[in-house]
Amino acid sequence: MFAYGLVAVLGLLLARKSFPIGINESYGRLILLGSSTSMAAASAYFLYILSTNFSGATCSYCLTSALLSFSLFFISLKEFSVEEIQKVLGVQLCIASLVVAALSTSYSSIQPLSSSVAEANLPFFETEITTSSSPFALSLAKHLHAIGAKMYGAFWCSHCLEQKQMFGSEAVKQLNYVECFPDGYRKGTKIAKACSDAKIEGFPTWVINGQVLSGEQDLSDLAKASGFPEMSQPS
């Protein structure tokens, strides 16, 4: 967020040709190129980690961020002539190397934690829903069940629990809930076939009338997506 914010501010300053005291347009362009270079280098490293250490996993947010980072880098680079690029090439390579080295060192330092998580043995357990269901939540849950809407989740997922708490103990029993790890989780455990067939990438995920909603959803949003009349919800 800091990097994107910095690039956005620099872009606006360059467009307006308005810079703080001591910084001219030439320095502003160099700072913008250095920032976009560091972002592109970081994205390249993250894509490397994604492809090697998380083989088979997908991350749409990571790929989108990488696309934006590389686009910003090439847009910034286009503003320089060949002669100017040759002059700053060494600096850009140093920036990229420092970013990769810093990220590599940081990633290596968390390997013991990652290994312990990967080797965790979590037996399946039921989570208790402690909230009561409102009339609206109960009616919405019955409606979602009737139209075949499904909520995909995992027993260890805190966001799934929070989503269920929104419905309450009575309403959650009406939902078409699909547990993606019904036999618990341990190293090598594969996601349930129903979840892999639905191409679930995160929890919770709702599939309503063919529409995929990722993450926790407000009941009003679920009502809107499913065609349930929101007027039934108390203010």
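Select G148 to begin. This glycine follows α6 and has a positive phi, near 80 degrees. The model is predicted: local features need pLDDT of at least 70, side-chain atom pairs count only at pLDDT 80 or more, and totals for chains, interfaces and linings use all residues. Residues are numbered from 1 along each chain as its sequence is written, and side-chain values use heavy atoms, with hydrogens and water left out.

**Helix α6**

Step back to residues 135-146, the twelve residues of α6. Helices here are DSSP runs of H or I with at least four residues, strands are runs of E with at least two, and both are numbered from the N terminus. The end C-alpha atoms of α6 are 17 Å apart. That agrees with the expected 16 Å, at 1.5 Å a residue. The expected span is 1.5 Å times one less than the number of residues.

Now colour by burial. Buried means under 20% relative accessible area, exposed over 50%, and partly exposed in between, with a 1.4 Å probe and protein chains only. Which residues of α6 are buried? They are F136, A137, L140, A141, H143 and L144. These cover an arc of only 165 degrees around the axis, so they sit on the same side of α6. The arc is taken from the directions from the helix axis to the C-beta atoms. An α-helix has 3.6 residues a turn, so residues three or four places apart point the same way. Turn to the other side of α6: P135 and A146 are exposed there.

Next, show what the buried residues of α6 pack against. The partners are α7 (158-167), α8 (169-172), β2 (176-179), β3 (205-208) and α10 (219-226). Contact means heavy atoms within 4.5 Å.

Stay on α6 and pick L138. L138 is partly exposed, because its relative accessibility is 27%. Leaving aside neighbours within four places in sequence, L138 is in contact with E170, A171 and Q174. Draw a distance from L138 to S169: 9.5 Å, C-alpha to C-alpha, across 31 residues of sequence.

**The loops around β3**

Go to the loop between α9 (193-197) and β3, where P204 sits. The peptide bond from F203 to P204 is cis, with omega near -10 degrees.

K199 is in the loop between α9 and β3. Its phi is positive, about 60 degrees, although K199 is not a glycine. Is K199 buried or exposed? K199 counts as exposed, because its relative accessibility is 68%.

Cross to the loop between β3 and β4 (211-214) and select N209. N209 is another residue other than glycine with a positive phi, here near 50 degrees. At 56% relative accessibility, N209 counts as exposed.

**A surface patch**

Now move to I23, in the loop between α1 (2-16) and α2 (25-53). I23 is partly exposed, at 33% relative accessible area. Add Y27, L30 and I31 to the selection: with I23 they form a nonpolar patch on the surface. Together the four have about 330 Å² of accessible area. Patches are made of residues with over 30% relative accessible area and no salt bridge; like charges are joined within 9 Å, nonpolar side chains (Val, Leu, Ile, Met, Phe, Trp, Tyr) within 5 Å. A salt bridge is a side-chain nitrogen of Lys or Arg within 4 Å of a carboxyl oxygen of Asp or Glu. Accessible areas come from the Shrake-Rupley method with a 1.4 Å probe; for residues, only the protein chains shown count as cover.

**Zoom out**

Show the whole chain. It has ten helices and four strands. Of its 235 residues, 31% count as buried. The accessible surface comes to about 14,500 Å², with 63% belonging to carbon and sulfur atoms.
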